[in-house]
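Q: Hey, can you walk me through what sits around the ligands here?

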Amino acid sequence: MVLITGGCGFIGSAFVLQWLAQSGEPVLNLDLLTYAGHPGNLAAVQGRPGYHFTHGDIGDSALVADLLRTHQPRAIVHFAAESHVDRSIAGPMAFAHTNVLGTLKLLEVTLAWWRTLPPEQAQAFRFLNISTDEVFGSLEAGAAGFTERHPFEPNSPYSASKAAADHFVRAWHHTYGLPVLTTHCSNNYGPRQFPEKLIPLMVHNALAGKPLPVYGDGLQVRDWLHVDDHCAALRAVLAQGRPGQTYNIGGRSERTNLAVVHAICASLDAVRPRSDAKPYAELIAHVTDRPGHDRRYAIDDSRIASELGWQPTVRFEDGIRRTVAWYLDNPDWVASVTSGSYRQWVEQQYPSTATP
Ligand code: NAD
Ligand code: DAU
């Protein structure tokens, strides 16, 4: 079986669903259920014999040691993290606590257990660390995409915490020989993403008739990858990646934030026109920029493409239409995650766009 951390979040839940749909191998999901973790994301597999859930913290070493001894996973797929850049700016300590110390504690416990394994089992074991392209910093317009050799230049507390975790993961391979793999992925989109992130936030606000808060000039560039393509890439890395190696994963879909917001508005205009028939794009409101806002990310995916034969399959234009449709078709999910603490965050983060 494989142990997943953070499987109730956006990408972790997509990974569990894809894994169980495509393989008979059981998964154990360890998740603390922070504001970003929703057991409902995995309602479709709840109660299935191949799906097991433990409510707990990656930093709880006794709990993790017990899970490893009991379940003897052949791999750990480590998603659990604080993942939102704006929250890291408002409160960096949680990011150091979970992303750095939590990962370090997970590595320590994993190593101690891994050392007890018979040689064949130890050799086959993998620790897959899910990282981000943000550790590489920001690119100028026209500069080549990040390769795996690009220097780490993290600019936000979030990316600094992920970079620190990545360094520990690397050291656990170099120093102790733990068979680790690290991936650096670009911006994901798709179903079940918490509406603090750009795409679901815009859909949510548009449907509520609220302003669509675009930071600064909106010409920052992100590379968008459908979450199911990301999960397929992770399965390829887990199956065939070389221990100690890192793999960059991207969508070959660079878009400015404004272009993304316009694409969302156009999708909504087509399937859920406003009652006054005005275009949703009229709701776009430029607001104060994010401090230290990275201007552009782009990925050179030639390593994963040539070594593992992976490439993205979902065209952004199709993926965004399907994603908008998912949020329209799942108002109960949206209602269940946008409860009290969500409203507090929105009031703190977007005071200037609050509707009267
Ligand atoms: P998310 O915020 O949606 O989910 C995080 C999950 O981790 C939640 O279920 C939460 O309850 C859980 N968690 C948090 N702290 C925990 C702890 N101490 N112990 C156990 N569980 C804990 O995040 P996401 O967007 O799904 O991202 C998953 C991973 O992928 C993160 O490591 C993130 O850095 C990375 N990543 C995300 C993106 C993206 O676009 N979202 C892109 C590249 C990499
Ligand atoms: O690049 C991978 C990273 O992508 C992941 O590691 C992070 O976990 C994930 O959150 C994401 O980080 P970003 O900061 O790029 O994502 P976010 O959705 O917060 O913002 C996307 C872009 O949209 C960014 O340039 C900021 C801008 N933005 C965001 C919000 C929430 C706005 O203009 N307005 C907003 O309200």
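**Around the two ligands**

A: Sure, starting with ligand 1: one of its oxygen atoms lies 2.6 Å from a polar side-chain atom of Tyr158. That is a polar contact (a pair of N or O atoms within 3.5 Å). This is a predicted model, where local features need pLDDT of at least 70 and side-chain atom pairs pLDDT 80 or more, while totals for chains, interfaces and linings use all residues. Residues are numbered from 1 along each chain, ligands from 1 in the order written, and side-chain values use heavy atoms, without hydrogens and water.

Q: How much of ligand 1 does the protein cover?
A: 97% of the 830 Å² of accessible area that ligand 1 has on its own, by the Shrake-Rupley method with a 1.4 Å probe.

Q: Which residues come nearest to ligand 1?
A: Ile11, Asp31, Ser83, Tyr158 and Lys162, out of 28 around ligand 1; being near takes a heavy atom within 4 Å.

Q: Which strand gives the most to that shell around ligand 1?
A: E5, with 3 residues. Strands here are DSSP runs of E with at least two residues, numbered from the N terminus.

Q: OK, ligand 2 now. What does Asp133 do there?
A: An N or O atom in the Asp133 side chain is 2.5 Å from an oxygen atom of ligand 2. For Thr132, also through a side-chain N or O atom, the distance to an oxygen atom of ligand 2 is 2.7 Å.

Q: And how much of ligand 2 gets buried?
A: The protein buries 95% of the 690 Å² that ligand 2 exposes when taken alone.

Notes. Polar contact = N/O pair within 3.5 Å; in protein donor to acceptor, adjacent residues only side chain to side chain. Helix = DSSP H or I, 4+ residues; strand = E, 2+ residues; numbered from the N terminus.
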